[in-house]
Amino acid sequence: MTATPDQGALQRPLQMTINGEHKTLTVHPWTTLLDLLREQLDLAGTKKGCDHGQCGACTVLRDGKRINACLTLAVMCEGAELVTIEGLADGDRLHPMQQAFITQDAFQCGYCTPGQICSAVGLANEGRAHNRDDIRELMSGNLCRCGAYSNIVAAVEEALPLIKGARP
Amino acid sequence: MTPFSYHKPASLDEAVSLAGPSSRFIAGGTNLVDLMKENVERPEHLIDITGLALKAIEETPEGGVMIGALVSNADLAWHPLVEARYPLLAQAILAGASPQLRNMASTGGNLLQRTRCYYFYDTGTPCNKREPGSGCPARQGLNRMHAILGASDDCVATHPSDMCVALAALAAVVHVHGPAGARQIPFADFHRLPGDTPQRDNQLAQDELITGIELPAEPFAAHCRYIKVRDRASYAFALVSVAAALQIEKGVIREARLALGGVAHKPWRDPAVEALLQGKPASTELFTHAADALLQAAKPLAQNGFKVSLARNAIIRALSEACAADNSLGEMQ
Ligand SMILES: Cc1cc2nc3c(=O)[nH]c(=O)nc-3n(C[C@H](O)[C@H](O)[C@H](O)COP(=O)(O)OP(=O)(O)OC[C@H]3O[C@@H](n4cnc5c(N)ncnc54)[C@H](O)[C@@H]3O)c2cc1C
Ligand code: SF4
Ligand code: FES
Ligand code: FES
C-alpha cells in the first residue's frame with residue numbers, strides 16, 4: 001500500500017522486543033506483524049504462505065505463545081516479547097528443535113520449516129503433547145506442501161524432552 | 001486493507017463510546033483481519049479492546065464459572081475449572097481452528113465470527129448477508145457446506161463456531177455492556193436465524209460489547225461428548241458437529257442437552273427433542289428416535305443432502321459416547 005500524507009498521519013509508535021533486542025518503531029495500523037518483520041525489519045525467515053491464517057508458515061512466538069503473524073496487527077503487539085526463527089539459536093548453538101529438524105531430515109523445500117519449528121517450540125511450551133498422536137494434532141496448524149509430515153513428527157518427538165520447561 | 005485509524009480504550013465505557021457504524025472492535029483479530037484483507041470489512045476506526053480487564057476465569061457464587069470476553073480459546077480449553085467441570089466445552093474448543101489461532105482467538109470474538117460461506121467472502125459476487133438485497137447465490141450454487149435447518153430464501157449460511165455449539169448445550173449466558181449499561185442474553189437467544197435480515201448474525205447492538213460468558217453450575221461433566229465431522233481429520237470447519245450432554249441416574253436420563261453445529265445459522269437446539277430424551281432409560285433406539293425427531297424439519301439443498309444422514313449418525317454416536325463416557329475425574333487431553 002502506498003502511503004499518502006493522510007495515511008502518514010495515521011502512523012503509530014510501537015515498542016517491542018524482537019529476538020531479545022528492544023525496538024522502537026513506527027507503523028501503519030494496517031501493517032501486519034508478518035509484513036513488519038519481512039518488509040521493515042529484514043527478518044525474512046518468517047514466511048508468508050497464505051496470509052489468511054490457514055497454513056502456519058508465519059508462526060512466531062509472542063510472549064512464549066505461538067501465533068500467526070499474518071493475522072496479527074503490528075500495532076497490537078505493543079510491549080510484546082517476540083521470538084522469530086532468527087532468534088531461536090543461542091549464538092552458534094542451534095535450538096534443540098532446529099537441530100532435531102536437521103537430524104530427522106524434517107523438510108524438503110524448507111518453506112514451511114521456520115513456521116513448523118516456531119510452532120513446535122510453542123507446542124513444547126504448552127506441555128500438552130504426550131505422544132505422536134498429540135504431536136500430529138497439535139502441529140495441525142502447520143501445513144507442509146512437500147509432505148514432510150512423518151519426519152516433522154519424529155523431529156518434534158526427539159526435541160521435546162530436550163527443551164527446558166517442556167513437560168514430557 | 002483499507003486504511004483506518006487505531007484506538008486502544010482503557011475502559012469499557014470509553015470503548016463503547018467509540019463504537020459506531022464505521023468502527024469495529026478487535027480482539028484476537030483472527031476473523032476481522034482476515035475479512036479486512038478480503039475487503040468484506042472496511043472499518044474506518046479500529047477499537048482495540050485487548051487493554052480491557054476482561055481476561056479472568058472465575059467461579060461464580062452460584063457454583064458456575066464466569067469467563068472474561070478476552071480469555072483466549074486456548075487458555076479457556078486448558079483451564080482446570082473447564083477441564084474438570086465443562087469437558088464438553090474443552091473438547092469443542094480443541095476441535096476448532098489450530099493451536100496458533102486458539103492462542104489468539106478470544107471468547108467474545110468466537111461468538112461473533114462470521115460465516116464461512118464462499119460468496120460472503122467473495123466481494124465479486126452478490127450476497128444478502130454482506131450486501132442486503134443483492135441476492136443469495138449459494139441457494140442455487142455451491143452449497144455443500146450450507147444449512148439444512150432454519151434457513152430462509154434470503155440466506156442459507158451456517159455459523160462456523162465449534163465453541164458456540166458447546167456453549168449452547170451448556171445454556172451459557174452472554175454478558176454485554178452498552179451505552180445503557182449491562183444486560184444478559186441467554187445463549188439460545190444470542191444468535192439468530194437469517195429470515196429476511198441475514199446481515200444480522202445475532203442480537204448484539206453495534207455499540208454493545210461482550211464482557212463475558214457465564215456458565216451455570218450443571219451436572220453434565222461426567223457424561224458429555226463433542227463430535228466434529230469434517231473433510232480432514234484436523235484444522236477444518238465442521239460439516240456437522242454435535243454437542244451431547246446427559247445427566248444419568250441408574251441408567252435413566254435425568255436431563256439431556258443436544259446442540260448441533262454446521263447445520264444452521266446458529267447452534268441448533270431443539271427443546272422438544274431434549275424433553276423426549278428425559279426420564280427414559282438410555283438406549284440406542286431412544287437416541288435414534290431423538291435424531292430422527294430433530295432432523296424431521298431438515299431441508300437440504302442440492303449439494304448438502306449428505307448432511308442429514310451425517311447429522312443423524314453423529315447424533316446417535318455423540319449421545320451413545322456421552323452415555324458411555326465417564327469424565328468424572330475431569331481428565332481431558
Ligand atoms: C484458518 C482458520 C480456521 C478456523 N477454524 C475454526 C474452526 O474449526 N472452528 C471454529 O470454531 N473457529 C474456527 N476459526 C475461527 C476462529 O475461531 C475465530 O476467528 C475466532 O474465534 C474469532 O475470535 P477473535 O478474538 O480473533 O475475533 P476478532 O477477529 O477480533 O473479532 C471478530 C468479530 O467480533 C467482534 N468482537 C470481538 N470481540 C468482541 C467483544 N468482546 N465485544 C463485541 N464485539 C467483539 C469484532 O468486532 C469482529 O467483528 C478459524 C479461523 C481461521 C482463520
Ligand atoms: S448463504 Fe448467506 S452468506 Fe452465503 S451467499 Fe447466501 S446470503 Fe450470502
Ligand atoms: S501466512 Fe500466516 S497462516 Fe499462512
Ligand atoms: S518442506 Fe516444503 S513445504 Fe514443508
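Buried area is the accessible area, taken with a 1.4 Å probe, that two parts lose on being put together, summed over both. Keep that in mind for the exercises below.

This is a predicted model, where local features need pLDDT of at least 70, side-chain atom pairs count only at pLDDT 80 or more, and totals for chains, interfaces and linings use all residues. Residues are numbered from 1 along each chain as its sequence is written, chains are lettered from A and ligands numbered from 1 in the order in which they are written, and side-chain values use heavy atoms, with hydrogens and water left out.

**Exercise 1. Describe the interface of chain A and chain B.**

Step 1: start with the area. About 2,900 Å² is buried between chain A and chain B, and carbon and sulfur atoms give 57% of that. Of the area that chain A buries against chain B, 23% comes from A:Leu71, A:Met76 and A:Arg128, more than from any other three residues.

Step 2: list who takes part. With contact meaning heavy atoms within 4.5 Å, chain A brings 35 residues and chain B brings 31 residues.

Step 3: look for charge pairs. A salt bridge is a side-chain nitrogen of Lys or Arg within 4 Å of a carboxyl oxygen of Asp or Glu. The rule finds three salt bridges across this interface of chain A and chain B. In one salt bridge, the side chains of A:Lys65 and B:Asp75 meet at 3.3 Å, N to O.

Step 4: add the polar contacts (pairs of N or O atoms within 3.5 Å; within protein, one must be able to donate a hydrogen and the other to accept it, and residues adjacent in sequence count only if both atoms are side-chain atoms). Between chain A and chain B, 15 residue pairs are in polar contact, both at pLDDT 80 or more.

Step 5: see which elements are involved. Helices (H or I, at least four residues) and strands (E, at least two) are DSSP runs, numbered from the N terminus. On the side of chain A that touches chain B, β4 (65-68), α4 (113-126) and α5 (132-138) each supply at least two residues. The largest share there, four residues, comes from β4(A).

**Exercise 2. Work out how the two domains of chain A meet.**

Step 1: set the bounds, which come from an automatic or database domain assignment. Chain A has domain 1 (8-87) and domain 2 (96-163). Their centres, taken over C-alpha atoms, are 22 Å apart.

Step 2: count the contact. Domain 1 of chain A gives 15 residues and domain 2 of chain A gives 17 residues. Together they bury about 1,200 Å², with 54% of it on carbon and sulfur atoms.

Step 3: check the polar side. The rule finds one salt bridge across the interface of these two domains of chain A, and nine residue pairs are in polar contact, both at pLDDT 80 or more. Strand β3 (residues 59-62) of chain A gives the most to the domain 1 side, with three residues.

**Exercise 3. Explain why the site of ligand 1 is shared.**

Step 1: find the neighbours (a residue is near if one of its heavy atoms lies within 4 Å). Ligand 1 is surrounded by 34 residues, and the closest are B:Phe25, B:Gly29, B:Thr30, B:Ser106 and B:Asp162.

Step 2: check the chains. The site is shared between chains because residues from chains A and B surround ligand 1.

Step 3: pick out backbone partners. Oxygen atoms of ligand 1 lie 2.9 Å from a polar backbone atom of B:Gly28 and 2.7 Å from one of B:Gly29.
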